[in-house]
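Grab a pencil and let's work through a few exercises on aromatic rings and pockets. Try each task yourself before you read its solution.

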Amino acid sequence: MTALYKQIQDDLRTVIKDSISKSFPTSKVIFGFENGTEPTGTYCVISVLDYIKTGLAETSTRANPVDDHYEVWTNIPYEILVQIDFVGKDAGAMSLECHTRLSSSYSNKELSMSLNVGLLNMSSIRRRPQKRDTTYVDIRTFDARFNAVLSYTEEIGIITRVDIQEPFNNTIINVPPL
């Protein structure tokens, strides 16, 4: 499941980075849990706050066997709550750009759909300046809810025959696969 977690993180970063890349092509998009030095200039911080499973897993089989097994594909729908912060002197402009493009840009919606990450809704943009050493740093934030389908494959064996024991005379009937 680690691969699923990493994939959804990468997909969210890609969608959010795309929403600000036109006006702020050099700005960093980082996750709140990453260690390291604080980026220079205005940057974006993504914090995934909640994964809400919104339905039952759907499992389907593939029609063709792969070597000596079948693969079962499982899809699980989730709603993901993400807090998006913008830090720096251009935080207001960057947050408005992201907020607007996430909700209305055709190319951003196409990218989201190709990654199986869809925007459901967003909160308003909130201003929350933060005191640092000798000055205040401008920070803007909003929450966004995305839906996503997390998928994985699992290997299952192939049934090569079925033996049925006849109840009246104890003979075994071999039934080959169809």
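**Exercise 1: Ring pairs**

There are 4 aromatic pairs here, where rings of Phe, Tyr and Trp (its six-membered ring) pair if their centres lie within 6.5 Å. Before you start: this is a predicted model, where local features need pLDDT of at least 70, side-chain atom pairs count only at pLDDT 80 or more, and totals for chains, interfaces and linings use all residues. Residues are numbered from 1 along each chain as its sequence is written, and side-chain values use heavy atoms, with hydrogens and water left out.

Task: work out why the pair of tyrosine 5 and tyrosine 51 is called stacked, tilted or edge-to-face.

Step 1. A pair of aromatic rings is described by the distance of the centres and the angle of the planes.

Step 2. Planes under 30 degrees apart count as stacked, over 60 as edge-to-face and the rest as tilted.

Step 3. The centres of tyrosine 5 and tyrosine 51 are 6.0 Å apart and the planes sit at 45°, so this pair is tilted.

Step 4. Now place the two along the chain: tyrosine 5 is in helix α1 (residues 2–21) and tyrosine 51 in strand β2 (residues 43–53), so the pair links distant parts of the chain, 46 residues apart. Helices (H or I, at least four residues) and strands (E, at least two) are DSSP runs, numbered from the N terminus.

Step 5. Ring pairs also join Tyr5, Tyr51 and Tyr78 into a cluster.

**Exercise 2: Buried or exposed?**

Task: sort phenylalanine 31 and phenylalanine 33 into buried or exposed.

Step 1. Buried means under 20% relative accessible area, exposed over 50%, partly exposed in between (1.4 Å probe, protein chains only).

Step 2. Phenylalanine 31 has 3%, so it's buried.

Step 3. Phenylalanine 33 has 53%, so it's exposed.

Step 4. For practice, tyrosine 5 at 42% is partly exposed, and tyrosine 51 at 28% is partly exposed too.

**Exercise 3: The largest pocket**

Task: find out which elements give two or more residues to the lining of the largest pocket.

Step 1. A pocket is an open set of points on a 1 Å grid over the protein atoms alone where a 1.4 Å probe fits, with protein on both sides within 12 Å along at least five of seven lines; lining residues have an atom within 4 Å of a point.

Step 2. Residues lining the largest pocket include Leu4, Asp11, Asn116 and Val149.

Step 3. The elements you want are α1 and β9 (139–157).
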